[in-house]
Amino acid sequence: MKLNIGKKKLSIRKVDGFWNRFKILKFDLYPLKEGILLENRKFLSTYFFCQKVDVVMTDCDSNILFIYKKLKSEKIIFYKRRVYNTYILPLGSCDFIEVGQKLKIVSDIKKNT
């Protein structure tokens with residue numbers, strides 16, 4: 001999947017399962033190069049993240065409800081109503097988006113015609 005943010009296209013990796021979600025970016029020293037999608041996730045904990053990230057929370061129609069820029073380690077985003085998807089993005093990715101806009105998601109699947 002790719003996410004259109006301003007003039008940039010950012011690769012998105014979908015993460016499922018308890019343990020995979022639990023260990024996202026924990027103790028990861030390398031800078032984040034692609035975004036991470038957490039489906040049906042209404043809260044987030046950044047404990048043990050070793051880098052700052054941008055976080056975008058959307059509803060089921062990809063309308064942006066909340067944006068957290070330069071989120072540091074040891075922060076908690078508590079339960080939010082109407083949130084369906086949570087995106088963890090590299091630092092600086094949220095500079096061109098605002099609350100109320102719709103995220104443009106492009107699928108990588110090519111159609112044979």
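Me: Where is Phe78 found in this model?

Reply: In this predicted model, Phe78 lies in the loop that runs between strand 7 (76-77) and strand 8 (85-89).

Me: Why is Phe78 called exposed?

Reply: The label exposed asks for over 50% relative accessible area. Phe78 has 60% relative accessibility, so Phe78 counts as exposed.

Me: What makes up the nonpolar patch on the surface that includes Phe78?

Reply: Joining Phe78 in that patch are Phe27, Tyr47, Phe48 and Ile76, and together the five have about 580 Å² of accessible area. Membership needs over 30% relative accessible area, and nonpolar side chains are joined within 5 Å.

Me: Phe48 is in that patch too. What is notable about the phi of Phe48?

Reply: Phe48 sits in the loop between strand 4 and strand 5 (53-58). Its phi is near 70 degrees, which is positive although the residue is not glycine. Most residues other than glycine have a negative phi.

Me: Which value does phi take in Ser62, and where is that residue?

Reply: For Ser62, phi is near 65 degrees, again a positive value in a residue other than glycine. Ser62 belongs to the loop between strand 5 and strand 6 (64-71).

Me: How do you know whether Ser62 is buried or exposed?

Reply: Buried means under 20% relative accessible area. Ser62 has 12% relative accessibility, so Ser62 counts as buried.

Me: Let's turn to the cysteines. How many disulfides are there?

Reply: The count comes to zero disulfides. Cys60 is in no disulfide, and the nearest cysteine sulfur, that of Cys94, is 20 Å away.

Me: Why is there no bond for the sulfur of Cys94?

Reply: A disulfide needs two cysteine sulfur atoms within 2.5 Å. The closest cysteine sulfur to that of Cys94 is in Cys60 at 20 Å, so the two are too far apart for a bond.

Me: What makes Cys60 and Cys94 count as buried or exposed?

Reply: Cys60 has a relative accessible area of 59%, so Cys60 is exposed. Cys94 has 0% relative accessibility, so Cys94 counts as buried.

Me: How do you know that Arg41 has no salt bridge?

Reply: A salt bridge calls for a side-chain nitrogen of Lys or Arg within 4 Å of a carboxyl oxygen of Asp or Glu. For Arg41, which is buried, the nearest side chain of opposite charge is Asp16, 10 Å away.

Me: Where is Arg41, and which residues is Arg41 in contact with?

Reply: Arg41 is in the loop between strand 3 (35-39) and strand 4 (44-45). Leaving aside neighbours within four places in sequence, Arg41 is in contact with Arg21, Val83, Tyr84, Asn85 and Thr86.

Notes. Residues numbered from 1 in each chain as written. Predicted model: local features only at pLDDT ≥ 70, side-chain atom pairs only at ≥ 80, totals over all residues. Heavy atoms only, no water. Helix = DSSP H or I, 4+ residues; strand = E, 2+ residues; numbered from the N terminus. Buried < 20%, exposed > 50% of the residue type's maximum accessible area, 1.4 Å probe, protein only. Lys, Arg positive; Asp, Glu negative; His and termini not counted. Contact = heavy atoms within 4.5 Å. Patch = residues over 30% accessible without salt bridge, like charges linked within 9 Å, V, L, I, M, F, W, Y side chains within 5 Å. Areas by Shrake-Rupley, 256 points an atom, 1.4 Å probe, with all protein chains shown as cover.
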